[in-house]
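Here is a short report on annotated binding sites and internal cavities. Please read it with the model open.

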Amino acid sequence: MAEHDRVLIDLTAATLDGAEPYGMIENAAIAIAGSQIAWVGPRLDLPRAYRHQPTESLGHRLVTPGLIDCHTHIVHGGDRAREFEMRLEGASYEDVARAGGGIVSTVTATRAASEADLLAEALRRVDVLIAEGVTGIEIKSGYGLDIETELRMLRTARAVGQQRPIRVRTTFLGAHATPTEYAGRADAYIDEVCLPALRAAHAEGLVDAVDGFCEGIAFQPAQIARVFDVARELGLPVKLHAEQLSNLGGAKLAASYGALSADHIEYLDADGVKAMAKAGTVAVILPGAFYTLRETQAPPIDLLRKHGVPMALATDINPGSSPLSSLLLTLNMGCTLFRMTPEEALRGATQHAARALGLDGCGMIRPGLRADLAVWDIKHPAELAYRIGFNPLHSRIFGGQS
């Protein structure tokens, strides 16, 4: 028996496994062996093999899988609070850009930041998520837009997972925007910076997936396809910022590459939904950006439901369009803004978020999966999406350890 082997008792388990709502098991027990879940079920059914193991009472609290934030830009330099203020004072996008704002300001600040500075700021943001029961996150590059800084961002992302008890998946987002030195020369940027940076990052073992921003203000589908072709050559899965501000067919393109996810997707149409359903591509819903940008076009939730496309929810934490660092608030926003159900929201931040990151060992409470769990001072899982600005986390179990 390993040091941390034990049986958790006096709990209700929202396993998110099986056909029952939330996969709920009342008066449950969870047997932990090492870093994994060995058994879960009604306590009265606990197998004989676990009946003599140490027990830990959870005080009749609710247990869910640990939360997963599957779309973040946590590593970046600076902030854009003044830009936020300028917009409230009536400044246009062009006014902000002329004043040095927008993504250019974040790129400038990120390029100027050392790896130590980037890590210190990222850890502050990650600690807020950990305090809400988050056990896994994705971290993107994309604010360097030069080879050196893109690599520095990805090294920082890897360091986060080494310095905190949280699983980190890194995503290369070199095709995020065209930097000012390549203005009007997006294809040259792809050839001279983005693709070489991707190859260098992969050679250094810094990349788990490849992303891009397919939009009129960013990159066209043909340019994204060139990036995805290299990702395929390197054996890396892809995902895509798609259909956020318009419909360029990005989700269909992503699905044609078997993408893990298509994210934002406010302007997604039926053809895109069907392509995602066929490919098994997850729809990542990002209400923080919708809210911050005061958008009016909501993602097609009913259409995604109709075609059985799994829906994940994430903060999209970034300094510009979604300065949101609460995954619990994101659950509420998914329900309030987009009429997702509380169960859809919770599955979106656990089971489907894991799938959006290509993680098959977590996201539910099931034997054989990692013992990444969140213990809550609530009676029913709907409370996680219902309350606003309230954190009921009692404790977090990460890889079997409290």
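A residue counts as buried when its relative accessible area is under 20%. Gln244 has a relative accessible area of 9%, so Gln244 is buried. The model is a predicted one.

**First annotated group**

An unreviewed UniProt entry carries a "binding site" annotation on His71, His73, His241 and Asp316. These residues are spread over 246 residues of sequence, yet they cluster in space, with a largest C-alpha distance of 12.5 Å.

Take His71. His71 sits in the loop that runs between β5 (67-69) and α1 (81-88). Its relative accessible area is 0%, so His71 is buried. Leaving out residues up to four places away in sequence, His71 touches Glu138, Lys140, His241, Asp263, His264, Val284, Leu286, Ala314, Thr315, Asp316 and Ile317. That list includes two residues of the annotated group, His241 and Asp316. The side chains of His71 and His241 are also joined by a polar contact of 3.3 Å.

Now Asp316. The loop between β12 (311-313) and α12 (327-338) holds Asp316. With a relative accessible area of 1%, Asp316 is buried. Again leaving out residues up to four places away in sequence, Asp316 touches His71, His73, His264, Leu286, Ala289, Ser321 and Ser322.

**Second annotated group**

UniProt, in an unreviewed entry, also places a "binding site" feature at Arg80, Tyr143, His176, Gln244 and Ser321. Ser321 is among the residues that Asp316 touches.

Arg80 lies in the loop between β5 and α1. Arg80 is buried, because its relative accessible area of 14% falls under 20%. Neighbours within four places in sequence aside, Arg80 is in contact with Gly102, Ile103, Ser105, Thr106, Pro319 and Gly320.

Gln244 belongs to the loop between β9 (239-242) and α8 (250-256). With neighbours within four places in sequence set aside, the contacts of Gln244 are Phe213, Glu215, His264, Ile265, Glu266, Tyr267, Ala289 and Leu293. His264 appears in the contact lists of His71, Asp316 and Gln244.

**Cavities**

How many cavities of 30 Å³ or more does a search of the whole structure find? The search finds two. Their volumes and linings are set out below.

| Cavity | Volume | Lining residues |
|---|---|---|
| Largest | about 60 Å³ | Glu138, Arg169, Thr170, Thr171, Asp208, Ala209, Pro237, Lys239, Leu260, Leu357 |
| Second largest | about 30 Å³ | Leu328, Glu383, Leu384, Arg387, Phe390, Pro392 |

Which strand gives the most to the lining of the largest cavity? Strand β7 (residues 167-175) does, with three residues. By class, this lining has four nonpolar, two polar and four charged residues. One of the lining residues is Glu138, and Glu138 also touches His71.

The second largest cavity has a lining of four nonpolar and two charged residues, with no polar ones. Among its lining residues are Leu328 and Phe390.

**Recap**

His71, Asp316, Arg80 and Gln244 are buried. Each lies in a loop: His71 and Arg80 between β5 and α1, Asp316 between β12 and α12, and Gln244 between β9 and α8.

Terms used:
Residues are numbered from 1 along each chain as its sequence is written. This is a predicted model: local features need pLDDT of at least 70, side-chain atom pairs count only at pLDDT 80 or more; totals for chains, interfaces and linings use all residues. Side-chain values use heavy atoms; hydrogens and water are left out. UniProt positions are given in the numbering used here, feature names are shortened, and annotations may be inferred rather than shown by experiment. Helices (H or I, at least four residues) and strands (E, at least two) are DSSP runs, numbered from the N terminus. Buried means under 20% relative accessible area, exposed over 50%, partly exposed in between (1.4 Å probe, protein chains only). Contact means heavy atoms within 4.5 Å. A polar contact is a pair of N or O atoms within 3.5 Å; within protein, one must be able to donate a hydrogen and the other to accept it, and residues adjacent in sequence count only if both atoms are side-chain atoms. On a 1 Å grid over the protein atoms alone, a cavity is a set of points where a 1.4 Å probe fits but cannot get out, and a pocket is an open set with protein on both sides within 12 Å along at least five of seven lines; lining residues have an atom within 4 Å of a point. Grid points are joined across faces, edges and corners, and a volume is the space filled by probe spheres set on the points. Ala, Val, Leu, Ile, Met, Phe, Trp, Tyr, Cys and Pro count as nonpolar, Asp, Glu, Lys and Arg as charged, and the others, Gly among them, as polar.
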